[in-house]
Amino acid sequence: AHVLLAEDNDINQEVAINLLAEAGVTADIANNGVEAVNAVREKKFDAVLMDMQMPEMDGYQATGVIRQEFPVESLPVIAMTAHAMEGDREKALAAGCDEFETKPVQLEQLLTKMNSLLVDHDGEGSRS
């Protein structure tokens with residue numbers, strides 16, 4: 001699979017890229033929501049891993065814009081946040097995210113969610 005990682009923290013980017021690479025997943029990086037929206041307009045991704053707290057445009061806003069142009073069936077979005085409070089999952093899902101993952105991300109859990117979404121979205125099984 002090839003994903004877009006929308007994450008503003010350099011250390012989190014590096015950790016995520018390395019973990020994903022170990023699982024055979026390649027990733028491009030967007031440093032904020034504006035970059036994430038532009039990236040999905042320019043390139044095809046299997047999924048978006050969206051940090052919800054970012055500068056310029058947060059993950060909620062970016063997901064809303066992405067959903068206006070890319071229906072749920074065409075591009076899975078997984079929300080990721082370190083500040084998981086009651087109601088955050090529901091807020092992310094309401095913004096158009098398909099799944100919700102708290103940080104620090106557990107790789108096996110994330111891969112299971114990604115695989116499930118890729119199966120659901122392409123109807124033929126996992127693309128990874």
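**Exercise 1.** In this predicted model, decide whether glutamate 56 is buried or exposed.

*Solution.* Start with the relative accessible area of glutamate 56, which is 69%. The cut-off for exposed is over 50%, so glutamate 56 counts as exposed. Next, place the residue: glutamate 56 sits in the loop between β3 (47-51) and α3 (59-69). Finally, check the backbone. Phi of glutamate 56 is near 70 degrees, a positive value in a residue other than glycine. Most residues other than glycine have a negative phi.

**Exercise 2.** Find which residues are joined by a cis peptide bond, and state where the proline lies.

*Solution.* Look at omega: a value of about 0 degrees belongs to the bond between lysine 103 and proline 104, which is cis. Most peptide bonds are trans. Then locate the proline. Proline 104 falls in the loop that runs between β5 (99-102) and α5 (107-122).

**Exercise 3.** Work out the strand order of the sheet, and name the edge strands.

*Solution.* Reading across the open sheet, the 5 strands come in the order β2-β1-β3-β4-β5, with parallel pairing. The edge strands, each pairing on one side only, are β2 (26-30) and β5. From one strand to the next, the twist averages 25 degrees. Now take one pair in detail: β4 (residues 77-81) and β5 are parallel and share 4 bridges. Methionine 80 stands opposite glutamate 101 in β5.

**Exercise 4.** Describe how α3 and α4 are placed against the strands.

*Solution.* Take α3 before α4. Helix α3 packs on the sheet and touches β3 and β4, and its direction makes about 150 degrees with that of β3. Helix α4 (residues 88-95) lies across β4 and β5, at about 140 degrees to β5.

**Exercise 5.** Determine which elements build the largest nonpolar core, and follow the contacts of leucine 4.

*Solution.* Begin with the membership. The largest nonpolar core has 23 residues, and those with the most contacts inside it are Leu4, Val40, Val48, Met50, Met52 and Ala92. Two or more residues each come from β1 (2-6), α2 (33-42), β3, α3, β4 and α4. The largest share, 4 residues, is that of α2. Then turn to leucine 4. Leaving aside neighbours within four places in sequence, leucine 4 is in contact with ten residues by list: Asp28, Ile29, Ala30, Ala36, Ala39, Val40, Phe45, Ala47, Val48 and Leu49. Last, another core of 14 residues lies apart from the largest one, and its members include Leu5, Ala47, Ile78 and Leu110.

Methods. Residues are numbered from 1 along each chain as its sequence is written. This is a predicted model: local features need pLDDT of at least 70, side-chain atom pairs count only at pLDDT 80 or more; totals for chains, interfaces and linings use all residues. Side-chain values use heavy atoms; hydrogens and water are left out. Buried means under 20% relative accessible area, exposed over 50%, partly exposed in between (1.4 Å probe, protein chains only). Two strands pair if DSSP finds at least two bridges between them. Axes are lines fitted to C-alpha atoms, for helices over the stretch in contact, and angles run from 0 to 180 degrees between N-to-C directions. Contact means heavy atoms within 4.5 Å. A nonpolar core is a set of buried Ala, Val, Leu, Ile, Met, Phe, Trp, Tyr and Cys residues joined through side-chain atoms within 4.5 Å.
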